[in-house]
Amino acid sequence: METETATNWLSDDEQCAWRTYLDVNRMLTYQMEKDLQPFGLTNNDYEILVNLSESADRRMRMSDLAAATLQSKSRLSHQITRMENAGLVRRENCESDRRGLFAVLTEHGTETMEKVAPHHVASVRRHFIDLLSGEALADLRESLAPVADHLRGHRGKI
């Protein structure tokens, strides 16, 4: 039997903050995706390329990459197949674990990152960073840190 509890509705200020966050998140994600389209990349492609380019030997275990990009293993596998077909990444077997696979950034993937990254950074600046003061960025970082920490602690528990 479920016990009924009173709903703790959002106040007007809380609802405004929440909806503003949702709007900004959607619009920023849309704009970043739009700015990557001329390069034939999606936000997911770019996030994978960034993760691989920042990893030792430009490689990550598929399970670690799935966790880092918040994708299911199945979805990531389809994404990597598409990126393999574009020559951006390749899969390699893990010698220490026959069931494990690595996603590896190819030379073409590295060249693509070097070409796209300056445009992506300019887009991030134009649509986000340069619209906020240094103080506002620090406040935003400080305000969102507890939310990020909370959600990191709940990964895989939901």
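How many salt bridges does a search of the whole structure find? The search finds eight. The model is a predicted one.

One of these salt bridges joins the side chains of D45 and R82, with an N to O distance of 2.6 Å. The two partners come from distant parts of the chain. D45 sits in helix α2, R82 in helix α4, and 37 residues separate them.

Now look at the two helices themselves. Helix α2 covers residues 43–53, and helix α4 covers residues 73–85. Their axes come within 11 Å and cross at roughly 85°. Angles of 65 to 115 degrees count as roughly perpendicular, so α2 is roughly perpendicular to α4.

Which residues make the contact? From α2 come N44, D45, I48 and L49. From α4 come R75, L76, Q79, I80, R82 and M83. The salt-bridge partners D45 and R82 are thus both part of this contact. By class, the contact of α2 with α4 holds five nonpolar residues, two polar and three charged.

Helix α6 comes next. Helix α6 runs over residues 134–153, 20 residues in total. At 1.5 Å a residue, α6 should span 28 Å. Its end C-alpha atoms lie 28 Å apart, so the expected span and the model agree. The helix also has a kink. The kink is about 35° and lies at L144. The proline P146 follows shortly after.

How values were computed. Residues numbered from 1 in each chain as written. Predicted model: local features only at pLDDT ≥ 70, side-chain atom pairs only at ≥ 80, totals over all residues. Heavy atoms only, no water. Axes fitted to C-alpha atoms, helices over the stretch in contact; angles between N-to-C directions. Helix = DSSP H or I, 4+ residues; strand = E, 2+ residues; numbered from the N terminus. Parallel < 35°, antiparallel > 145°, perpendicular 65-115°, else oblique. Contact = heavy atoms within 4.5 Å. Nonpolar A, V, L, I, M, F, W, Y, C, P; charged D, E, K, R; others polar. Expected span 1.5 Å × (residues − 1). Bend = angle between axes of the 7 residues up to and from the residue. Salt bridge = Lys/Arg side-chain N within 4 Å of Asp/Glu carboxyl O.
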